[in-house]
Amino acid sequence: MPVSIGLPIVSSCSVASCGYNHDGCHAGAISVGGAHAHCNTFTETDHKGGADPTATVGACNREDCQHNKDLMCTADSIAVGGSTDVADCLTFMARV
(Lines give C-alpha, C1' and ligand atoms only; values in the text may rest on other atoms or scores of the structure.)
Protein backbone atom coordinates (compact mmCIF):
# COMPACT_ATOMS: atom_id res chain seq x y z
CA MET A 1 0.00 0.00 0.00
CA PRO A 2 1.52 3.37 -0.99
CA VAL A 3 2.18 5.94 1.67
CA SER A 4 0.33 9.18 1.00
CA ILE A 5 2.35 12.22 1.97
CA GLY A 6 0.59 14.72 -0.24
CA LEU A 7 2.69 14.18 -3.35
CA PRO A 8 1.01 14.56 -6.75
CA ILE A 9 0.31 11.32 -8.59
CA VAL A 10 1.34 10.33 -12.09
CA SER A 11 -2.20 10.07 -13.46
CA SER A 12 -1.13 8.73 -16.85
CA CYS A 13 1.93 7.63 -18.77
CA SER A 14 1.82 6.82 -22.48
CA VAL A 15 5.46 5.70 -22.70
CA ALA A 16 5.08 1.99 -23.45
CA SER A 17 8.85 1.37 -23.59
CA CYS A 18 9.36 2.34 -19.93
CA GLY A 19 9.89 -0.56 -17.53
CA TYR A 20 7.76 1.12 -14.87
CA ASN A 21 4.77 1.61 -17.18
CA HIS A 22 2.33 -1.30 -17.25
CA ASP A 23 -1.28 -0.23 -16.77
CA GLY A 24 0.09 3.04 -15.36
CA CYS A 25 3.35 4.06 -13.74
CA HIS A 26 4.48 1.69 -10.99
CA ALA A 27 7.62 3.54 -9.86
CA GLY A 28 7.54 4.49 -6.20
CA ALA A 29 8.14 8.11 -7.18
CA ILE A 30 9.50 9.84 -10.26
CA SER A 31 11.62 12.95 -10.64
CA VAL A 32 11.28 15.55 -13.38
CA GLY A 33 14.05 17.76 -14.70
CA GLY A 34 16.33 18.58 -17.56
CA ALA A 35 15.97 21.03 -20.40
CA HIS A 36 12.40 20.00 -21.24
CA ALA A 37 10.77 18.57 -18.12
CA HIS A 38 11.98 15.03 -18.79
CA CYS A 39 10.88 12.13 -16.59
CA ASN A 40 14.28 11.30 -15.06
CA THR A 41 12.95 7.94 -13.85
CA PHE A 42 12.24 6.72 -17.41
CA THR A 43 13.96 3.37 -17.97
CA GLU A 44 13.79 1.93 -21.47
CA THR A 45 13.45 -1.83 -21.09
CA ASP A 46 11.12 -4.70 -21.96
CA HIS A 47 11.28 -5.87 -18.32
CA LYS A 48 8.33 -4.53 -16.32
CA GLY A 49 9.01 -3.66 -12.71
CA GLY A 50 8.16 -1.36 -9.87
CA ALA A 51 5.92 -2.09 -6.95
CA ASP A 52 3.60 0.79 -6.20
CA PRO A 53 0.22 0.81 -7.95
CA THR A 54 0.35 4.58 -8.48
CA ALA A 55 3.56 6.59 -8.77
CA THR A 56 3.99 10.03 -7.29
CA VAL A 57 6.20 12.97 -8.23
CA GLY A 58 8.97 12.99 -5.66
CA ALA A 59 10.99 15.92 -7.01
CA CYS A 60 10.94 18.47 -9.81
CA ASN A 61 14.03 20.42 -10.85
CA ARG A 62 12.14 22.70 -13.24
CA GLU A 63 11.95 25.88 -11.17
CA ASP A 64 10.53 27.66 -14.23
CA CYS A 65 7.29 25.61 -14.05
CA GLN A 66 4.15 27.21 -12.63
CA HIS A 67 3.56 24.05 -10.58
CA ASN A 68 7.00 24.13 -8.92
CA LYS A 69 7.42 25.46 -5.39
CA ASP A 70 10.67 24.82 -3.56
CA LEU A 71 11.63 22.11 -6.10
CA MET A 72 8.41 20.20 -5.44
CA CYS A 73 5.47 19.75 -7.80
CA THR A 74 2.24 21.37 -6.61
CA ALA A 75 -0.04 20.05 -9.39
CA ASP A 76 -2.77 17.63 -8.28
CA SER A 77 -1.44 15.12 -10.79
CA ILE A 78 0.75 14.97 -13.88
CA ALA A 79 0.74 13.16 -17.21
CA VAL A 80 3.90 11.75 -18.78
CA GLY A 81 4.32 11.16 -22.50
CA GLY A 82 6.19 12.02 -25.64
CA SER A 83 6.85 15.68 -26.33
CA THR A 84 10.37 16.99 -26.89
CA ASP A 85 11.70 13.62 -25.73
CA VAL A 86 10.24 10.14 -25.20
CA ALA A 87 9.13 10.75 -21.60
CA ASP A 88 8.31 14.32 -20.63
CA CYS A 89 6.02 15.86 -18.04
CA LEU A 90 3.07 16.97 -20.17
CA THR A 91 1.70 19.03 -17.26
CA PHE A 92 4.70 21.40 -17.35
CA MET A 93 3.64 25.06 -17.70
CA ALA A 94 6.29 27.76 -18.03
CA ARG A 95 6.03 30.70 -15.65
CA VAL A 96 5.06 33.94 -17.32
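Let us begin with cysteine 65. In this predicted model, its sulfur lies 5.8 Å from the closest cysteine sulfur, which belongs to cysteine 60. A disulfide requires the two sulfur atoms to be within 2.5 Å, so this separation is too far for a bond. Seen from the other side, cysteine 60 likewise has cysteine 65 as its closest cysteine sulfur, at 5.8 Å. How many disulfides does a search of the whole structure find? The search finds zero. Both of these cysteines are nevertheless buried: cysteine 60 has a relative accessible area of 8%, and cysteine 65 has one of 5%.

I turn next to charged side chains. A search of the whole structure finds one salt bridge. Arginine 62 forms this salt bridge with aspartate 64, and the closest N and O atoms are 2.6 Å apart. Are the two partners buried or exposed, or do they lie in between? Arginine 62 counts as buried, at 11% relative accessibility, whereas aspartate 64 counts as partly exposed, at 36%.

Let me now describe how the strands are arranged. Strand 2 covers residues 29–33, and strand 4 covers residues 56–60. These two strands run parallel and are joined by four bridges. Cysteine 60, already mentioned for its sulfur, appears here again: in strand 4, cysteine 60 is the bridge partner of valine 32. Strand 2 is also joined to strand 3 by two bridges, and that pair runs antiparallel. Strand 2 and strand 3 form a hairpin, with four residues between them. In the turn, glycine 34 has a positive phi of about 85 degrees.

Within that hairpin, glycine 33 stands opposite histidine 38. Histidine 38 lies in strand 3, which consists of residues 38–39. With a relative accessibility of 17%, histidine 38 counts as buried. Which side chain does the side chain of histidine 38 meet in a polar contact? The partner is the side chain of aspartate 85, at 3.3 Å. Beyond its sequence neighbours up to four places away, histidine 38 touches Ser31, Val32 and Gly33, together with Asp85, Ala87 and Asp88.

The next topic is the nonpolar interior. The largest nonpolar core has 20 residues. Those with the most contacts inside this core are Val10, Val15, Ile30, Val32, Ile78 and Val80. The elements giving two or more residues to the core are strand 1, strand 2, strand 4 and strand 7, the last being residues 77–81. Valine 80 deserves a further word. Not counting residues up to four places away in sequence, valine 80 touches a set of residues that includes Val10, Val15 and Ile30, and also Ser12, Cys13 and Ser14. Among its other contacts are Cys39, Ala87, Asp88 and Leu90.

The contact between valine 80 and serine 14 leads to the loop between strand 1 and strand 2, where serine 14 lies. Although they are 66 residues apart along the chain, serine 14 and valine 80 have C-alpha atoms separated by 6.5 Å. Serine 14 counts as exposed, at 57% relative accessibility. Leaving aside neighbours within four places in sequence, serine 14 is in contact with Asn21, Val80, Gly81 and Gly82.

Asparagine 21 is found in that loop between strand 1 and strand 2 as well. Is asparagine 21 buried or exposed? With a relative accessible area of 9%, asparagine 21 is buried. A polar atom of its side chain lies 3.0 Å from the backbone oxygen of cysteine 13. Asparagine 21 also touches Ser14, Val15, Ala16 and Lys48, among residues beyond four places away in sequence.

I close with serine 83, which is found in the loop between strand 7 and strand 8, the latter being residues 88–89. With a relative accessible area of 52%, serine 83 is exposed. Apart from neighbours within four places in sequence, serine 83 is in contact with Asp88 and Leu90. Asp88 and Leu90 also appear in the list of residues that valine 80 touches, and Asp88 is one of the residues that histidine 38 touches. As for histidine 38 itself, its C-alpha atom and that of serine 83 are separated by 9.1 Å, with their positions 45 residues apart along the chain counted as the distance apart.

How values were computed. Residues numbered from 1 in each chain as written. Predicted model: local features only at pLDDT ≥ 70, side-chain atom pairs only at ≥ 80, totals over all residues. Heavy atoms only, no water. Buried < 20%, exposed > 50% of the residue type's maximum accessible area, 1.4 Å probe, protein only. Salt bridge = Lys/Arg side-chain N within 4 Å of Asp/Glu carboxyl O. Contact = heavy atoms within 4.5 Å. Polar contact = N/O pair within 3.5 Å; in protein donor to acceptor, adjacent residues only side chain to side chain. Pairing = 2+ DSSP bridges. Core = buried A, V, L, I, M, F, W, Y, C linked by side-chain atoms within 4.5 Å.
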